[in-house]
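Here is a short tour for anyone meeting this structure for the first time. Have a look at the sequence and the model, then read on.

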There are 2 protein chains.
Amino acid sequence: MSKFAKRMHSMEKSAAVIRNLFGAMNDPEVISFSGGAIAQECLPVEIIHELTQDIMQREGRGVEALSYGPVMGVKDLREVVVSDLVRPKGVKLSVDNAMILSGGLEAMNLMCQVFIDPGDIILVESPTFVHSIEIFDMFQARCIAVETDENGMNMEDLEAKIKKYNPKMMYLIPTFQNPTGITLSLDRRKKAAQLASEYDIVLLEDDPYRDIRYNGVELPPVKAFDTTGHVVMANSFSKIFSPGSRLGYLVANERIINKLADAKSATNSHTSILPQIICAEFFKKGHYQEHHRNLCAVHRIRRDTMLDAIDRYFPEGTRRTQPDGGLFTWAELPKNINTTELLVEATTNPEVKVAYVAGEGFFTEGGGKGRNCMRLSFGAVPPEKIREGMAKLGKLLQTYESRYSFTVSS
Amino acid sequence: MSKFAKRMHSMEKSAAVIRNLFGAMNDPEVISFSGGAIAQECLPVEIIHELTQDIMQREGRGVEALSYGPVMGVKDLREVVVSDLVRPKGVKLSVDNAMILSGGLEAMNLMCQVFIDPGDIILVESPTFVHSIEIFDMFQARCIAVETDENGMNMEDLEAKIKKYNPKMMYLIPTFQNPTGITLSLDRRKKAAQLASEYDIVLLEDDPYRDIRYNGVELPPVKAFDTTGHVVMANSFSKIFSPGSRLGYLVANERIINKLADAKSATNSHTSILPQIICAEFFKKGHYQEHHRNLCAVHRIRRDTMLDAIDRYFPEGTRRTQPDGGLFTWAELPKNINTTELLVEATTNPEVKVAYVAGEGFFTEGGGKGRNCMRLSFGAVPPEKIREGMAKLGKLLQTYESRYSFTVSS
């Protein structure tokens, strides 16, 4: 039988992480801190029901919803992106700079289609989003990790690695980062845009969590400091509207967005039309403001519950991040705990049945880095279930040391 | 600025054809025989309106529609694929062999992700679908054309080219082919499956038009003759349900479909959920039968009108195909007519304003092959507009010889 392409081998490891992650999300018996979904209670089912009725009855709109549409996306939704979502954050753009995608993840795929040849270097945070790693692996890119601290990616190390590796692309999740929840500081945002421009390298800013903020001051996206068109900003409607609709968008200058449109056309022609129209109407009819307030209120409680539960139930020596928003906390456990090994027991032991994402998959460096870490998502789990799940997981962790002799080589 | 990837150069020519094609579809002043859309009158707007209301009100279904879902697709729709669409055609399969896609075109993309390394050979029909060529170009495959006649791809030439080129994949549109409308004969279908098996090469069968048949006897897909899992069958809901929903599916054995699911996950996670549920309900509630009858009746008239108009208005020496179904006719004009050059005048001259797709883009051989041909789609144009547009186009063609001195080198 025809052999698989080389890219399928390079993505094998990260693809396995993703399969596990989605598998755990779909098992109803497991309390899952693994996926990045928002609270089910926040899905605007009623509003979308009403909007859809209206759309399908309106002259011409029902036909539009079912017909082929533009590669760049439905104009109404591109207008929403410009006027409601991007321009208020300090980014100058017109609708010609905005393209609708089939989910935020498609941005990574299309950017690789357009820029990445096998062997090209992408500079990434350490750790970074495992699903993006999977995509970069599929395109046979070589990811190089840049040092990251509590203020996000270290700009000195970024510049050093630009000089050393001559990268094709830089990839940043600046706000409530996936997996750590950390936010890139203002001065580093400016510096990142400046470095992209100075060294003439495209920077992909992936910013899907930024609008779910619980405290602290909103920061402009890196794209707001981009004066030369080197930054491409990717975002998603999955967190602020609905993940199942598979809607995202990206913002780029004309030269880049035209190429991205060619790649999009050769991937799936265009994004499904009805979800685009529904989403546009959701914003244009003014439903977003109240929805957004509710979204932040609900998830803030879950974040607080999760942080408290880590402090309460996890073993001594655990360190965790303090996210100001988004859906993720990152826990660094005592060195001897191997979260990859533990995951099987955590998800299958009838006394536990709790899922998280093991830390190792978020590091592109390999060598066991992050093996004592885990990403804990609190978005999709009600507070009482967060406490229950974390208590069970904590208990498992507390008994871990006495049962395993395995020690991570440093 | 970061250079574009090599694949963006290899797809430049075919991407330009696609941009023109979609551009012409969206200009309301142009009578467009370019896109492959079905009749607007056949879009099931009313039924989908009712179904959507019901779905969004039903306990749990509204939440499902807006939540993350499985990479392989919504189970209800996969069941429809198996029981309503594929098994009745003689293909043995279970739901585990069926994956839902974001439009039929995604099958070509994912198959390339899984199988094609740069430089790999894909054997294709001559001519073949320009949008698939765009995708194969993006993956830097080398397309080799196999001789094609009024019964489809020539199997002797296919076998000879398998031996000569050691291809990675074979690509066939067996029924009412795009762009010619030609159907692969029964014996050749069997032979194609046998050759795939014998030479151990994956065969991608792209079959989106098969259910819109106006006359003649239905033939089993190539997949029905596949006993070794070498054939992957791709299909679309764009012609039998709605193009704007961007829904398609593919059928493959377990080894291949698991890899395709990894590639799908790294492309857009999964297909939008609400359109999948609506489409599943459309079939499960029994709406398809009447819709299908109407679809065939409406398009049969358009096909007949188009064939009659070619015979009536096109210059002497024109040859055309006689499709038994689907959406396309292929016209071969006198040698001195250059359809690529003519297209600019046809779409912009206020006396004409008619679009078609120039033949050249459907040939992977290059060298001006097909320069005197055009693909004429009759699906989206009402009969009176077909007559009007073809009369205008015919008039332009009749005057062509006296105005241009350009002659195609043979």
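## Ground rules

Helices (H or I, at least four residues) and strands (E, at least two) are DSSP runs, numbered from the N terminus. This is a predicted model, where local features need pLDDT of at least 70, side-chain atom pairs count only at pLDDT 80 or more, and totals for chains, interfaces and linings use all residues. Residues are numbered from 1 along each chain as its sequence is written, chains are lettered from A and ligands numbered from 1 in the order in which they are written, and side-chain values use heavy atoms, with hydrogens and water left out.

## A few odd spots in the backbone

Most residues other than glycine have a negative phi, and most peptide bonds are trans. N166(A) goes the other way, with a positive phi near 50 degrees; look for N166(A) in the loop between α8 (155-165) and β7 of chain A.

Two cis peptide bonds are also worth finding. One runs from S126(A) to P127(A), with omega near 5 degrees, and P127(A) sits in the loop between β3 (121-125) and α7 of chain A. Another joins N178(A) and P179(A), with omega about 20 degrees; P179(A) is in the loop between β7 (169-172) and α9 (186-198) of chain A.

## Two domains in chain A

Chain A splits into domain 1 (6-43 + 290-400) and domain 2 (45-284), with bounds that come from an automatic or database domain assignment. Domain 1 of chain A brings 37 residues to the contact and domain 2 of chain A brings 36 residues (contact means heavy atoms within 4.5 Å). Their C-alpha centres are 24 Å apart.

Between them, domain 1 of chain A and domain 2 of chain A bury about 3200 Å², 63% of it on carbon and sulfur atoms. Buried area here is the accessible area (1.4 Å probe) that two parts lose on being put together, summed over both. D324(A), F362(A) and T364(A) supply 19% of the area that domain 1 of chain A buries against domain 2 of chain A, more than any other three residues.

The rule finds zero salt bridges across this domain interface (a side-chain nitrogen of Lys or Arg within 4 Å of a carboxyl oxygen of Asp or Glu).

## Where the chains meet

How does chain A relate to chain B, and what rotation superposes them? A turn of 180 degrees with 0.0 Å of shift along its axis puts chain A on chain B, with RMSD 0.0 Å; that is the relation of a two-fold axis. The superposition is by least squares on the C-alpha atoms of residues with pLDDT of at least 70 in both copies. Of the residues of chain A, Q53(A) comes closest to the rotation axis, at 3.3 Å (C-alpha).

The contact takes 79 residues from chain A and 79 residues from chain B. The copies meet through the same surface, because 100% of the interface residues of chain A are also interface residues in chain B. Chain A and chain B bury about 6900 Å² between them, 59% of it on carbon and sulfur atoms.

Four salt bridges turn up across the interface of chain A and chain B. The side chains of K259(B) and E12(A) meet in a salt bridge, at 3.3 Å from N to O.
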